[in-house]
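Open the model in your viewer and set it to cartoon display. The stops below go from one selection to the next.

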Amino acid sequence: MTIDDLLASGTAPIVAILRGIAPGEVLAIGEALVEAGIRLIEVPFNSPEPTTSIRLLQDRLGDRAAIGGGTVLDVAAVDALAATGGTIMVTPNTDPAVIARGVACGLEPMPGFVTPSEAFQAIAAGARRLKLFPAVALGPAYLKAVREVLPKHVRVWAVGGTGAHNFAEWLAAGVEGIGVGGALYKPGDSAAVVRERALALVAAWQAARTA
């Protein structure tokens, strides 16, 4: 399942960042997210056994959600992610070699950037989507300014300090979507708690797009 396919079907443009999740809990959390309407799921590579969790999610939910890995820092991690069957590759930085390898492996890269120079470096390496990170430190006005110089086909997602409370502001600034970590899931949270938070995020998106 690709990001384009999901967004075209009306899926909420929210990436759930499950940092710290363990394989034993990942399926219950993943099912809760999908049931609530969040169908983009990232397991950061600094979580316990990330490739196992990604593979489990892909096998169970890959026909309903786009599954991938985050905090992908080197080519070896790209190859490990590709082997899981996941489709999304998120990085906190802009490394042309990592991005190009992800594209070559058929992954959808979403590299992190702060400056226009980093953004154009990522685009040159093959990225079509970028992650403004840490978004909370820069703000919607910064994004608006940067988007003025980016190619029209390139989409930007805001990650870091984003959530239901400021989703509307980021959408107004021109993001395609947001990534949400600790405001959605922390290690030890139950599936029921995550589902309630996910429902609130989806409701905030629906309210913002109809306002």
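**Starting at helix H4**

Select helix H4 and show its side chains: the buried residues of H4 pack against H3, S3, strand S4 (88-90) and helix H5 (96-104). Keep in mind that this is a predicted model.

Which residues of H4 are buried? Within helix H4 (residues 75-84), pick Ala77, Val78, Leu81 and Thr84; these are buried, that is, under 20% relative accessible area. They lie on the same side of H4, because the arc they cover around the axis is only 115°. Now turn to the other side of H4, where Ala76 and Ala83 are exposed. Step just past the end of H4 to Gly85, which has a positive phi of about 90°.

Next, select the strands. How many strands form the open sheet, and in what order? There are nine, with parallel pairing, and the order is S5-S4-S3-S2-S1-S9-S8-S7-S6. At the edges sit strand S5 (108-110) and strand S6 (112-113), each paired on one side only.

Move inward to strand S1 (residues 14-17) and strand S2 (residues 40-44), which run parallel and are joined by three bridges. Select Ile17 and look across to S2: the residue opposite is Glu42.

Last, add helix H3 (residues 50-61) to the selection. H3 packs on the sheet, where it touches S2 and strand S3 (66-70). Compare directions here: that of H3 makes about 160° with that of S2. From H3 you can return to the starting point, since H3 is among the elements that the buried residues of H4 pack against.

Methods
Residues are numbered from 1 along each chain as its sequence is written. This is a predicted model: local features need pLDDT of at least 70, side-chain atom pairs count only at pLDDT 80 or more; totals for chains, interfaces and linings use all residues. Side-chain values use heavy atoms; hydrogens and water are left out. Two strands pair if DSSP finds at least two bridges between them. Helices (H or I, at least four residues) and strands (E, at least two) are DSSP runs, numbered from the N terminus. Contact means heavy atoms within 4.5 Å. Axes are lines fitted to C-alpha atoms, for helices over the stretch in contact, and angles run from 0 to 180 degrees between N-to-C directions. Buried means under 20% relative accessible area, exposed over 50%, partly exposed in between (1.4 Å probe, protein chains only). The arc is that of the directions from the helix axis to the C-beta atoms.
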